[in-house]
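This report introduces the structure shown below to a reader who has not met it before. It proceeds from the whole chain to selected parts.

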Amino acid sequence: MKFIISILLIALLSVAVCLYLPWWGIAIVAFVVPIAIPQKPLPAFLAGFIALFLLWGSLSFYISSSNNHLLAQKVSLVILKTDSPMMLVLITALIGALVAGLAALAGSFAGKRQ
């Protein structure tokens with residue numbers, strides 16, 4: 001139950017924090033939640049990873065599909081050298097997930113120190 005609550009809390013607070021802070025605000029949220037809701041390192045990492053993978057994946061897909069993936073096609077041609085907007089959405093989700101997962105892992109370790 002703590003795992004699901006952590007996923008939901010990280011995702012919801014990340015949306016709220018990113019309205020006022022830059023993108024790296026997700027790391028602050030993912031760091032604080034495992035301290036507030038103590039977890040072992042692996043579940044903390046997975047909670048941060050899953051929360052931001054789903055959040056950033058769905059948000060980037062929604063933003064990209066609102067303009068028929070036009071910008072994502074052009075950016076994927078420049079960065080990935082292939083016309084694959086879904087691969088760009090996946091990479092975006094993975095970057096956010098790794099940042100949040102590692103921040104949650106650090107928060108889990110920091111919470112054990114107290």
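## Overall architecture

Helices and strands are here DSSP runs, a helix having at least four residues and a strand at least two, and they are numbered from the N terminus. In this predicted model, the elements of the chain follow the order α-α-α-α-α from the N terminus on. The chain thus contains five helices and zero strands.

The C-alpha trace of the chain spans about 50 × 25 × 25 Å along its principal axes. The chain has 114 residues, of which 34% count as buried. About 6900 Å² of the chain is exposed, and carbon and sulfur atoms supply 77% of this area. When contacts between residues at least 6 apart in sequence are considered, 74% of them join residues at least 24 apart.

## Helix H3

Helix H3 comprises 25 residues, from 41 to 65. The distance from its first C-alpha to its last is 36 Å, close to the 36 Å expected at 1.5 Å a residue.

The buried residues of H3 include Ala44, Ala47, Gly48, Ala51, Leu52, Leu55 and Trp56. An α-helix has 3.6 residues a turn, so residues three or four places apart point the same way.

## The nonpolar core

The largest nonpolar core has 16 residues. Those with the most contacts inside this core are Ile10, Ala30, Val33, Ala51, Leu52 and Trp56. Two or more residues are given to this core by each of helix H1 (2-18), helix H2 (25-36), H3 and helix H5 (85-113). H3 supplies the largest share, five residues.

With residues up to four places away in sequence not counted, isoleucine 10 touches Val29, Ala30, Val33, Ala47, Gly48, Ala51 and Leu52.

## Aromatic pairs

How many aromatic pairs does a search of the whole structure find? The search finds three. Ring pairs link Phe45, Phe49 and Phe53 into a cluster.

## Histidine 69

Histidine 69 lies in the loop between H3 and helix H4 (70-79). Is histidine 69 buried or exposed? Its relative accessible area is 17%, and buried means under 20%, so histidine 69 counts as buried.

Apart from its neighbours within four places in sequence, histidine 69 is in contact with Phe61, Ser64, Pro85 and Met86. Of these contacts, Ser64 is itself among the buried residues of H3.

Note on methods: Residues numbered from 1 in each chain as written. Predicted model: local features only at pLDDT ≥ 70, side-chain atom pairs only at ≥ 80, totals over all residues. Heavy atoms only, no water. Buried < 20%, exposed > 50% of the residue type's maximum accessible area, 1.4 Å probe, protein only. Contact = heavy atoms within 4.5 Å. Areas by Shrake-Rupley, 256 points an atom, 1.4 Å probe, with all protein chains shown as cover. Expected span 1.5 Å × (residues − 1). Core = buried A, V, L, I, M, F, W, Y, C linked by side-chain atoms within 4.5 Å. Phe/Tyr/Trp six-rings, centres within 6.5 Å; stacked < 30°, edge-to-face > 60°.
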